[in-house]
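This report describes the helices of one protein model and how they pack. It begins with a single helix and widens to the whole chain.

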Amino acid sequence: MLEILENLILLGRKRKENPVKGSYTNKLLENKIFAKEKIVEEINELIEAIEKDENKIHETADVFYHLIMYLEANNVKIEEVMAELEKRKK
């Protein structure tokens with residue numbers, strides 16, 4: 001199950017190294033302002049979906065995808081985030 005998230009992370013890294021012309025993923029990775037706007041938009045859509053109890057899964061998937069690409073665009077490595085979460089365990 002988590003392999004899907006890992007594949008998204010690897011996709012972002014691969015596209016940073018080898019951009020694909022016209023790729024939406026590359027647009028997010030190359031334009032940090034656009035990526036920020038999209039993550040804010042997607043989070044707001046998720047909140048609305050949860051409040052209305054509609055499209056929650058779809059909107060959550062959008063948030064995961066856009067968040068992963070936003071983090072990759074800004075060189076925030078998920079491995080470092082996981083290490084931080086591990087430190088917080090009590």
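The model is predicted. On one side of α3, Ile33 and Glu51 are exposed. Opposite them are the buried residues of this helix, namely Phe34, Ala35, Lys38, Ile39, Glu42, Leu46 and Ala49. These buried positions span an arc of only 130° around the axis, which places them on the same side of α3. A general property of the α-helix bears on this pattern: with 3.6 residues a turn, residues three or four places apart point the same way. The partners of the buried residues of α3 are α2 (24–30) and α4 (56–73).

Helix α3 covers residues 32–52, 21 residues in total. From its first C-alpha to its last it reaches 30 Å, close to the 30 Å expected at 1.5 Å a residue. At the N-terminal end of α3, Asn31 acts as a cap, with a side-chain oxygen 3.2 Å from the backbone nitrogen of Ile33.

What does the buried set of α4 contain? It consists of Glu59, Val63, Tyr65, His66, Ile68, Met69, Glu72 and Ala73. These residues pack against α1 (2–17), α2 and α3. The length of α4 also agrees with expectation, because its 18 residues should span 26 Å at 1.5 Å a residue and its end C-alpha atoms are 25 Å apart.

Nine residues make up the largest nonpolar core: Ile9, Leu28, Leu29, Phe34, Ala35, Tyr65, Ile68, Met69 and Ala73. Helices α2, α3 and α4 each supply at least two residues of this core, and α4 gives the most, with four. One core member, Met69, touches Leu8, Leu11, Gly12, Thr25, Leu28 and Leu29, when residues up to four places away in sequence are not counted.

Backbone angles in the loops come next. Most residues other than glycine have a negative phi. The table lists residues in which phi is positive.

| Residue | Phi | Place |
|---|---|---|
| Asp53 | positive, near 55° | follows α3 |
| Asn55 | positive, near 55° | loop between α3 and α4 |
| Asn75 | positive, near 55° | loop between α4 and α5 (78–87) |

Is Asn55 buried or exposed? Asn55 is exposed, because its relative accessible area is 53% and the cut-off for exposed is over 50%. Asn75 comes just after α4.

Taken as a whole, the protein has five helices and zero strands, and its elements run α-α-α-α-α from the N terminus on. Along the principal axes, the C-alpha atoms fill a box of roughly 40 × 40 × 25 Å. Of the 90 residues in the protein, 26% are buried. The exposed surface amounts to about 6800 Å², of which carbon and sulfur atoms supply 58%. Among contacts between residues at least 6 apart in sequence, 57% join residues at least 24 apart.

Note on methods. Residues are numbered from 1 along each chain as its sequence is written. This is a predicted model: local features need pLDDT of at least 70, side-chain atom pairs count only at pLDDT 80 or more; totals for chains, interfaces and linings use all residues. Side-chain values use heavy atoms; hydrogens and water are left out. The expected span of a helix is 1.5 Å times one less than its number of residues. Buried means under 20% relative accessible area, exposed over 50%, partly exposed in between (1.4 Å probe, protein chains only). The arc is that of the directions from the helix axis to the C-beta atoms. Contact means heavy atoms within 4.5 Å. A polar contact is a pair of N or O atoms within 3.5 Å; within protein, one must be able to donate a hydrogen and the other to accept it, and residues adjacent in sequence count only if both atoms are side-chain atoms. A nonpolar core is a set of buried Ala, Val, Leu, Ile, Met, Phe, Trp, Tyr and Cys residues joined through side-chain atoms within 4.5 Å. Accessible areas come from the Shrake-Rupley method with a 1.4 Å probe; for residues, only the protein chains shown count as cover.
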